[in-house]
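I opened the model to look at how its helices are packed, and I noted each point as I looked it up.

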Amino acid sequence: MRKTSARLLALLSLLQARRDWPGALLAERLDVSPRTVRRDVDRLRELGYPVAAVKGPDGGYRLGAGTELPPLLFDDDQAVALALALQTAAVTGAGIEEAAARALTTVRQVLPARLRHRIDALRITAVDRPGNGSAPQADTEVLLALSTAVRARETLRFDYRAPDHAPASRPGTPPPPRRAEPHQLVTWGGRWYLVAWDLDREDWRTFRVDRLTPRIPTGPRFTPRELPGGDVTAYVATRFRGAHHPDSAPDWPCRGEVVLHRPAPEVAGFAHDGVVEELAPDRCRLTLGSWSWPSLAALIGRFDADFEIVGPPELSAAFARLGRRYAQAAARSAPGTPGPPDRPGTSDAHADTP
C-alpha cells in the first residue's frame, strides 16, 4: 500500500481527471478498501479540497469548486505551460506583472527538480512592441466586471473617456453614460478592448478598456447578436486595419503594388504580411497593404530603394502628395530659406479608430 501522502496525491489526480468517480472504482484504482477511500476524501476536505459525495446506486465523489484556493496539483506539461504563461504576463496589458512574478516564484519553489531545470532552461523575457511601454494598463477589477457582464449577457452602462487629444464636445459638461451589449474581451497590441453592440449608435464598436469605467448595477439581460462574420478575431483584425463597415473583408482597405530595385530576400524579411516575388537578382515585385494610401506610400519608401509603381492610381497620387509634403518640409528646414505658411491639414487616419 502506498504511503498516505502519495495516495492522497494519486486520489486528487484521479478526481481531477473526470467529473464523477464511483467509490468502488476509486478503491480499485488505488488498490485500497472503500473505507480507506472515505478516510482519504475526508483528509482532502481538511486540506481545503471541496470533494462532494455523489448519490446514486454506486455512490461516489466529485471534485467541485470551493471558497478558498487549496494546494494545486499539475502534471508536467501543465506546470511548464503555467510557468511560461506567467513569464509573458508583462505584455498582456492587464497590470498583473508583479502578481505574475510572485506566482512564478511560488510555482517554481514547489516544482520537482526535473521540471525546475526545464523551466530554468526556458527562461524568457517578454518584450513589448516599441512605444507600448507607457501604454495605459487595464484595471483587473474592470476586466473582471466586463468579463462577468459578457458571461451573464447583461447590458453595460459605463463612462468612456475620450482620448486626451480629443476636444470635449461640451466643455464643463460630462458626457452621458454609454450603453452597450458586451460581446467579447480581446487583447491587441498590449491593450485590452471590449467588442460590444453600441445601443445608442446601433452598431458594433470596440472600446478601449483603460478608458472605460463601468457603472453599477448593470442593465437587463439581452439576447446575443451575431457578430459580423461570426469570428471575433477576423472582426477585430478588420477594424484595426481601418475597415469600419461590419461586412468588410478582413484585409487592408488600401493595397498597392510596386517593383522595388532590391533583392527579394532583403525585402521579404521586412514585408510583414506583404507578398514578395523575385523578378531578377536585384529586383522584386512587392504587394503591400495599409490603412490609407499615404501610409502605404510611406511604408514602401522605408525600403530606401528606387521603384516603379504598378498600381493602382490612388497609390501614385499618394506618392505625389507625400513628395510635395517632404519637399516643403525640406525647404522650411533649409538655413535662411523661409518656408510656406503653415496651414491646417486633414488627417488620413480614421477618427473613430480605437
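I began with the contacts between the first two helices, bearing in mind that this is a predicted model. From α1, I find that Arg-7, Ala-10, Leu-11, Leu-14 and Leu-15 meet Leu-26, Arg-29 and Leu-30 of α2.

I then looked up the geometry of this pair: α1 and α2 pack at an angle of about 130 degrees, and their axes lie 11 Å apart. Since angles over 145 degrees count as roughly antiparallel and those from 65 to 115 as roughly perpendicular, I therefore enter α1 and α2 as oblique to each other. For the handedness, I note that α1 passes α2 in a right-handed crossing.

Next I turned to α3, and checked its length against expectation. At 1.5 Å a residue, the 13 residues of this helix (residues 34–46) should span 18 Å, and I find its end C-alpha atoms 19 Å apart, which agrees.

I asked next which residues of α3 are buried. I list Thr-36, Val-37, Asp-40, Val-41 and Leu-44 as the buried residues of α3. They cover an arc of only 140 degrees around the axis, which puts them on the same side of α3. On the face of α3 turned away from that buried side, I find the exposed residues Arg-35 and Glu-46.

As for what the buried residues of α3 pack against, I recorded two helices and two strands, namely α1 (4–17), α2 (23–30), β2 (51–54) and β3 (60–63).

Last, I looked at what comes after the helix: α3 is followed by Gly-48, for which I note a positive phi, near 110 degrees.

How values were computed
Residues numbered from 1 in each chain as written. Predicted model: local features only at pLDDT ≥ 70, side-chain atom pairs only at ≥ 80, totals over all residues. Heavy atoms only, no water. Helix = DSSP H or I, 4+ residues; strand = E, 2+ residues; numbered from the N terminus. Expected span 1.5 Å × (residues − 1). Buried < 20%, exposed > 50% of the residue type's maximum accessible area, 1.4 Å probe, protein only. Arc of directions from axis to C-beta. Contact = heavy atoms within 4.5 Å. Axes fitted to C-alpha atoms, helices over the stretch in contact; angles between N-to-C directions. Parallel < 35°, antiparallel > 145°, perpendicular 65-115°, else oblique. Left-handed = near helix turned anticlockwise from the far one by under 90°.
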